[in-house]
Amino acid sequence: MTLQVDLWSLVGLLFGLITTLAGLGLTFARMLLGQVEQRLDERFQALQKSREDARSVCISRFQTLDQERREEIAQWQRVERDLLALRAELPLHYVRREDYVRGQTVVEAKLDALALKLENLQLRTSAGDRRRADHPNDLGVDHESA
């Protein structure tokens, strides 16, 4: 049994076989690349979604921080207002140490002057009593007849 094949038939057969295999290879490569592209798209969508979620979390956190900052500014302004009000009314309710010392010195000086006057008056009164006792007739009082 001999098989005779023409050269052109054999070339045609080989060309058809190579073309078929190349077509199958290209189809397989296309399918493989399609799956890779689909996986990449899924990964990119997941990354995009996580990026958007992280962005929304960051934005909400920044909004919270901004709100807290505004509240803190308002509290500091209230503290500053209260401090200014306290500084304004402080002189009405309290006396400075120097002013108190000066006022107390004046009061003590007046008390010392008053004590000196009382002492002088006592000395004059006791001196007058001694003079009366020594010279009873000078004042017109007679101790012997009384």
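## Asp53 and Lys49

Asp53 and Lys49 are joined by a salt bridge, in which the closest N and O atoms lie 3.2 Å apart. The structure is a predicted model, and the distances given here are computed from it. Why can these two side chains meet? Asp53 and Lys49 are four residues apart in helix 1, so about one helical turn separates them.

The two partners fall into separate classes of accessibility. Asp53 has a relative accessible area of 39% and is partly exposed. Lys49 has a relative accessibility of 51%, and it counts as exposed because the cut-off for that class is over 50%.

## Other salt bridges

The count for the model comes to five salt bridges. One of them links the side chains of Asp66 and Arg69, with 2.7 Å from N to O. Asp66 and Arg69 are three residues apart in helix 1, so they too are separated by about one helical turn. Asp66 is partly exposed, at a relative accessible area of 25%. Arg69 is also partly exposed, with a relative accessibility of 42%.

Another salt bridge is formed by Arg96 and Glu98, whose closest N and O atoms are 3.2 Å apart. Arg96 counts as exposed at 58% relative accessibility, while Glu98 counts as partly exposed at 47%. Elsewhere, Asp66, Arg69 and Arg70 form one network through salt bridges that share partners.

## Charges in the chain

How many positive and negative charges does the chain have? There are 21 positive and 23 negative charges. The mean position of the positive charges and that of the negative charges are 5 Å apart.

## Helices and overall form

The secondary structure of the chain consists of two helices and zero strands. Helix 1 covers residues 7-93. What are the spans of the C-alpha trace along its principal axes? They come to about 200 × 25 × 20 Å.

The radius of gyration can be set against that of a compact globule. For 146 residues, such a globule would have a radius of gyration near 15 Å, whereas this chain has 60 Å.

## Distances along helix 1

Two pairs of residues show how separation in sequence appears in space. Trp76 is in helix 1, and so is Thr20. Thr20 and Trp76 are 56 residues apart in sequence, and their C-alpha atoms are 82 Å apart in space. The second pair is Trp76 and Gln35, which are 41 residues apart along the chain and have C-alpha atoms separated by 60 Å.

Are Trp76 and Thr20 buried or exposed? Trp76 counts as exposed, with a relative accessibility of 56%. Thr20 has a relative accessible area of 47%, so it is partly exposed, below the cut-off of over 50% for exposed residues.

## Surface and burial

What share of the residues is buried? Buried residues make up 1% of the 146 residues in the chain. A residue is called buried when its relative accessible area is under 20%. The accessible surface of the chain totals about 14400 Å². Carbon and sulfur atoms account for 60% of that surface.

## A nonpolar patch

Which residues form a nonpolar patch on the surface? The patch is made of Leu3, Val5, Leu10, Leu13, Leu14, Leu17, Ile18, Leu21 and Leu24. Together these residues have about 960 Å² of accessible area.

Leu14 serves as an example from this patch. Its place is in helix 1, and its relative accessible area of 46% makes Leu14 partly exposed. A residue needs over 30% relative accessible area to be part of a patch, so Leu14 meets this condition.

Key. Residues numbered from 1 in each chain as written. Predicted model: local features only at pLDDT ≥ 70, side-chain atom pairs only at ≥ 80, totals over all residues. Heavy atoms only, no water. Patch = residues over 30% accessible without salt bridge, like charges linked within 9 Å, V, L, I, M, F, W, Y side chains within 5 Å. Areas by Shrake-Rupley, 256 points an atom, 1.4 Å probe, with all protein chains shown as cover. Salt bridge = Lys/Arg side-chain N within 4 Å of Asp/Glu carboxyl O. Buried < 20%, exposed > 50% of the residue type's maximum accessible area, 1.4 Å probe, protein only. Rg over C-alpha atoms; globule rule 2.2 N^0.38 Å. Lys, Arg positive; Asp, Glu negative; His and termini not counted. Charge placed at Lys NZ, Arg CZ, Asp CG, Glu CD.
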